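Here is a friendly walk through the packing of one protein model. Have a look at the structure first, and then we can go through its helices, rings and cores together.

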Amino acid sequence: MGERIFLTGSYLSEPFRNQSSTECSDISVDRNLSLKSKENILVDEVIGSFLGLEGLYIRSKENGFRLFDTVGISFDLSLRNLVDQILPLSTSYVCVRNFISSHNPGYEYGRVMQAFCEGLDTFLQQFVAFVAQLEHKIRKPSSTNGPFTMKSIHFEITPLLHSMSILEHTTKAVCNKRGGSLINALRSLEKRVYMGDTVAKDLLGTLLDRASVPYAEMLSTWLQSGRLFDPYEEFMVKRSSCGKNPAELDGDTWAALFTINEEHVIKDIIQTEKSKTTILVTGKYWNAVQICDADAKSSQKTRSRPLELKKLQFQSDMSAISAYIDSMFQSASENLMHILRDKFRLKESLHIMKRYFLLDQGDFLVNFLEAAEEELAKPFEQVSIGRVQHFLGTSIQITEGQRDVELHPNDYSHRKNTTGLNPSRLRCRLSKHSLVSCLDVLCGVTEDQEPETPSRQTNDTPVTGFDLFEIDFPRVPFPISLMISRTSMVEYKLLFRHLFFTKYVERRLVGVWSDHQVLKKLDSVRGLLGPTFMLRHRMQHFVQNLINYMTFEVVESNWLEMLSTIDASEGTFSNQKEQTVDDLLNIHDGFLQKTIDACLLRKPTLIKSLVKLLNTCLLFSDQMKKFMDTTRIYDDSFHLAAEKRGAVQRNLNQRVFSKSSTAPGKKKLRRALMSVKEERDILHQRQTRRVGREICSESYKRMIRRFEEVFSADLSAFMIQLNSHTSSGIVANLGIRLDWNSFLSNSIAIRNHDR
């Protein structure tokens, strides 16, 4: 027992403190005392009880101080009634003093509780001074008023009885509370329990002013600098991940870094959800500015100026506090928006995301595919990611260099964005899962369920690098990462993989179209190739309309809408609401969500049908490539062209070094060209026979019929699902593009009728 129980008064709560003491029985008391002497004794003991001291007749029990009779001595009933009316003051004092002694040294109760106990201690010191003056009057009574009686004491302490009972009730009401909840409890007592009580209003108002000072300091520090100094968790804002490295912050982690602690929200001052959000967002904005460290002078000025919010003014108009909060919010928002737009070039970073992730830059895609197509066409185990990264970096350098020259021919300061996103930091990799497997995860498909998208291949087609290829920024600098968070990056990568694979299929079909242009020169077999040409045309029509829909009607339309919304805040109209960073985040997130939805990435059944169609187109392209290799048309054409170039070159050389007339040279050239023409006709006939033999074979006819059946069936299934999912909206435009003359609808009706 190292506690100083007699100094703090807590010994009164010891239940067995008097059982081992024989002091009371050893004291001899005159049993023939007069009423006046008995009253004088009780006056002394009552004065002592005001300070928590026990006497022979007035002792503390479980319910507080009480008057007890002793052997042979009893007190008059009227005197006893007076003492019983006075002793609640002593009981209340002891309760308040015990509360202060148990809570004030304890830092675990928080700074608000410490300030509240200091306010209580101020009242107790005033009470002790009053008791000292009262004792002085008793010891040295004036000649005019005579000696002090119990009635005189009762008259003197009557105003304090109510005040001390209010303090006792207050300590019980806030016993297990801290921070903002303690302030709310005090405010609730003032407004509901003691409404209309002027004494309680003054006492509780003073305690509220004292207790709110630490809270007001935390609120001011948060609103002015974004620093959260709350070691005892008693403020309305709490930090959810204190160990988070600022360099690793992005939009997802930053949004969850600070949250509202509803328990400590001051309900009388922060009455609406908007006010809570404003306070939270203001500090978060300043915190982001501090991390960026972009405006050191302004930040230092903010930290060094005196706090404008000294205490929470409950008794005055709340408009002053609201105006203060709004002004801090406006200042924080302007600073962070300035950093995002000017120093970190937010728009330029968004344009970089569009150029490479949404494939807005056509020359980049062409250059990259020209270099990396052969490598990515290999099975994914054989793909050299180092070579692909080299091709990617080279394509980016070519694209960025040409773009910088065109936009800023004489300004080299724009050639490099050192603070925002830098395209040279793009990295490529092969994902562990295919696109449809990633969509399975997004759609919530578990291992025990049947996947809603074809993530598990049922055929023996090997997975190539094109199926798993994706690009990524390993690190997005803060505060650009607020907008391009990891979640946003995942959505950008999904869109990239979808667009990249679709454009790769289009590139393959364009290659087939180029091959068919060579075959069209074979007039005698051109009619036999009609079904092949028609099937390729249908595939090409489908893929190109899908790409045009996704790029022009979805991506470009949503992009322009997003930019116009962002640019709207840069106008000079005074009546226009200033945008905040959260508004920008919502605008950008809305752009991504609308784009993903319109690109069918949130509709698993549609994606399943779409992927089947694209794979069918790829298989058709592979078969056409094998067909061209089998007929060796390009080999013969290259040989014939080389012969023609050689004949022309030999004639030119003879004309240069020969001194004879040019007429014989012209004849030789003419004969050489005629020889080449004859050889070309022979080659043409040979090619016709080879192609005719191939296309007349049953295997080729069966292959084309099978491709036509599979493609028609898959396209019909896709159109039925597309029409059932979307009857209106931008997705309906895809159905209109694919079935602009109702050919597909009629084909589906005929197919259903035949069944």
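In which helix does T616 lie? T616 belongs to helix α23, which covers residues 604–631. Please keep in mind that this is a predicted model.

**Two polar residues of α23**

T616 has a relative accessible area of 8%, so it counts as buried. Leaving out residues up to four places away in sequence, T616 touches M539, F707, V710, F711 and D714. S621 lies in helix α23 as well. With a relative accessible area of 2%, S621 is buried too. Its contacts, again not counting residues up to four places away in sequence, are R508, L509 and V512.

**Two helices, checked by span**

Helix α26 runs over residues 698–725. At 1.5 Å a residue, its 28 residues should span 40 Å, and the end C-alpha atoms are 40 Å apart, so the two values agree. Many names in this helix will be useful when you look for buried positions: Y700, M703, I704, F707, F711, S712, D714, L715, S716, F718, M719 and L722 are buried in α26. Two of these, F711 and D714, are among the residues that T616 touches.

Helix α21 covers residues 530–568. Its 39 residues should span 57 Å at 1.5 Å a residue; the end C-alpha atoms are 54 Å apart, which agrees. Where is the kink in α21 centred? The kink is centred on E556 and amounts to about 25°.

**Aromatic rings**

The structure holds 24 aromatic pairs. Two of them share F466, and the table sets them side by side.

| Pair | Distance between ring centres | Angle between planes | Type |
|---|---|---|---|
| F466 and F500 | 5.9 Å | 25° | stacked |
| F466 and Y504 | 3.6 Å | 15° | stacked |

Why does the pair of F466 and F500 count as stacked? Its planes meet at 25°, and stacking calls for planes under 30 degrees apart. F466 sits in helix α17 (residues 465–468) and F500 in helix α19 (residues 486–519), so this pair ties together parts that are 34 residues apart in sequence. The pair of F466 and Y504 also links distant parts of the chain, with F466 in helix α17 and Y504 in helix α19, 38 residues apart.

Are these rings buried or exposed? F466 and F500 are both buried. For F466 the relative accessibility is 4%, which is why it counts as buried. Y504 has 5% relative accessibility, so it is buried as well.

Ring pairs also build a wider cluster, which includes F466, F500 and Y504 together with Y356, F357, F364, F368, F469, F473, Y492 and F496.

**Nonpolar cores**

How many residues does the largest nonpolar core have? It has 117 residues, and those with the most contacts inside it are F368, F500, F542 and F718. Helix α21 gives the most to this core, with 15 residues. The core draws at least three residues from each of domain 2 (210–297 + 314–327) and domain 3 (525–571 + 578–657 + 664–754).

F542 is a good place to zoom in. Leaving aside its neighbours within four places in sequence, F542 is in contact with L610, L613, L614, F711, L715, F718 and L738. Of these partners, F711, L715 and F718 are buried residues of α26.

Apart from the largest core lies another, of 74 residues, among them F50, I86, I153 and I325.

How values were computed:
Residues numbered from 1 in each chain as written. Predicted model: local features only at pLDDT ≥ 70, side-chain atom pairs only at ≥ 80, totals over all residues. Heavy atoms only, no water. Helix = DSSP H or I, 4+ residues; strand = E, 2+ residues; numbered from the N terminus. Expected span 1.5 Å × (residues − 1). Buried < 20%, exposed > 50% of the residue type's maximum accessible area, 1.4 Å probe, protein only. Bend = angle between axes of the 7 residues up to and from the residue. Phe/Tyr/Trp six-rings, centres within 6.5 Å; stacked < 30°, edge-to-face > 60°. Core = buried A, V, L, I, M, F, W, Y, C linked by side-chain atoms within 4.5 Å. Domains from an automatic or database assignment. Contact = heavy atoms within 4.5 Å.
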